[in-house]
Amino acid sequence: MLSVVVLISGQGSNLQALLQACEQADYPAHVVAVGADRDAAGLQHAEERGIATFVVRYRDFAGRDEWGHALLTEVQRFQPGLVVLSGLMRLLPPEVVDALSPRLINTHPAYLPEFPGAHGVRDALAAGVERTGASIIVVDNGIDDGPVIAQERVPVLPGDTEDSLHERIKPVERRLLIQAVRDIATERIDLKEPAAR
Ligand code: GRF
């Protein structure tokens, strides 16, 4: 059974979908803890299931490196086999990436390498493309440029707003995330070392 720590900043709808998948008897992974960089609403999905949560508030630290060090300490307490960034709206410092990657994956609401960064949905809309997508990647020290492990196209429709397009992308992200975690657990996707260490 693959043990997973999930890191979030927001509503945690992708987290919720993963937690629901983990409740299926034949799903080969379980979430051991959920962490956040702020008092994220999505922590409630873990709390209501009795899953451990932790908050490492970015603003409580002198800078990114100090924050990242404290976050890594919390993550490693749970000795996860995989860490999932599911809407964590912070760049992780190199110490954290180097300690956890390649067993560190991120969901992104665009078809990478198209539209990396914090505004993938907005940027796709602004570019006027007819198709964008969703991607799951291994996190490295670049910005959304690690190896893609799953991705799928999503159409942009006339009249789309950032919200309507994001709501069309999110179910695809959820499905890809659930499948990617399953494939990592069953070693159909072969990630090597770190994470727990
Ligand atoms: C997802 O689209 C994620 O890729 C993006 O923010 C969204 C997270 O939403 N960075 P939620 O917190 O899972 O509802």
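# Charges, a ligand and a few odd bonds

There are ten salt bridges in this structure. Keep in mind as you look around that this is a predicted model. Why do such pairs turn up at all? Side chains of opposite charge can pair when their charged atoms come close. Let's walk through some of them before we turn to the ligand.

Start with Arg49 and Glu48, which form a salt bridge whose closest N and O atoms are 3.7 Å apart. That distance counts because the cut-off for a salt bridge is 4 Å between a side-chain nitrogen of Lys or Arg and a carboxyl oxygen of Asp or Glu. How open are these two partners to the outside? Arg49 is partly exposed, with 26% relative accessibility, while Glu48 is exposed, with 56%. The pair isn't on its own, either: Glu23 joins Glu48 and Arg49 in a network of salt bridges.

Next, find Arg122 and Glu162. Their side chains form a salt bridge too, with 3.2 Å from N to O. Where does each partner sit? Arg122 is in helix α5, which covers residues 120–127, and Glu162 is in helix α6, which covers residues 162–185. The two are 40 residues apart, so this pair links distant parts of the chain. Arg122 is partly exposed, at 42% relative accessible area, and Glu162 is partly exposed as well, at 30%.

One more pair is worth a visit. Arg168 and Asp160 meet through their side chains in a salt bridge, with N and O 2.7 Å apart. Is Asp160 buried or exposed? Asp160 is buried, because its relative accessible area is 14% and the limit for buried is under 20%. Its partner Arg168 has a relative accessible area of 25% and is partly exposed.

Now for the ligand. You'll find the ligand sitting in the largest pocket. There are 13 residues around the ligand, and the ones that come nearest are Gly12, Ser13, His166, Lys170 and Glu173. Which parts of the fold supply this shell? At least two residues each come from α1 (13–22), β5 (104–108) and α6. Helix α6 provides the largest share of the shell, with three residues. You've met α6 already: Glu162 of the salt bridge to Arg122 is in that helix.

Zoom in on the atoms and you can pick out some polar contacts. At Gly12 the backbone does the work: one of its polar atoms is 2.8 Å from an oxygen atom of the ligand. At His166, an N or O atom in the side chain is 2.6 Å from a ligand oxygen. Glu173 also uses its side chain, with an N or O atom 2.4 Å from an oxygen atom of the ligand. How much of the ligand does the protein cover? On its own the ligand would expose 370 Å², and the protein buries 89% of that.

Let's finish with some backbone quirks. Here's the background: most residues other than glycine have a negative phi, and most peptide bonds are trans. Now look at the loop between α4 (94–100) and β5, where Ser101 lies. Pro102 is in the loop between α4 and β5 as well, and a cis peptide bond joins Ser101 to Pro102, with omega at about 10°. Ser101 counts as buried, with 18% relative accessibility. A polar atom of the Ser101 side chain lies 2.7 Å from the backbone oxygen of Val139.

Another cis bond follows in the loop between β5 and α5, where Pro113 has its place. The peptide bond that runs from Leu112 to Pro113 is cis, and its omega is near 10°. Phe115 is also found in the loop between β5 and α5. Although Phe115 is not a glycine, it has a positive phi of about 55°. The relative accessible area of Phe115 is 17%, so Phe115 is buried.

For another positive phi, go to the loop between α3 (64–77) and β4 (82–85), where you'll find Gln79. Gln79 is not a glycine, yet its phi is positive, at about 45°. Is Gln79 buried or exposed? With a relative accessible area of 57%, Gln79 is exposed, because the limit for exposed is over 50%.

Terms used:
Residues numbered from 1 in each chain as written. Predicted model: local features only at pLDDT ≥ 70, side-chain atom pairs only at ≥ 80, totals over all residues. Heavy atoms only, no water. Buried < 20%, exposed > 50% of the residue type's maximum accessible area, 1.4 Å probe, protein only. Helix = DSSP H or I, 4+ residues; strand = E, 2+ residues; numbered from the N terminus. Near = heavy atom within 4 Å. Polar contact = N/O pair within 3.5 Å; in protein donor to acceptor, adjacent residues only side chain to side chain. Areas by Shrake-Rupley, 256 points an atom, 1.4 Å probe, with all protein chains shown as cover. 1 Å grid on protein atoms, 1.4 Å probe; cavity = no way out; pocket = protein on both sides within 12 Å on 5 of 7 lines; lining within 4 Å. Sits in = over half its atoms within 2 Å of the grid points.
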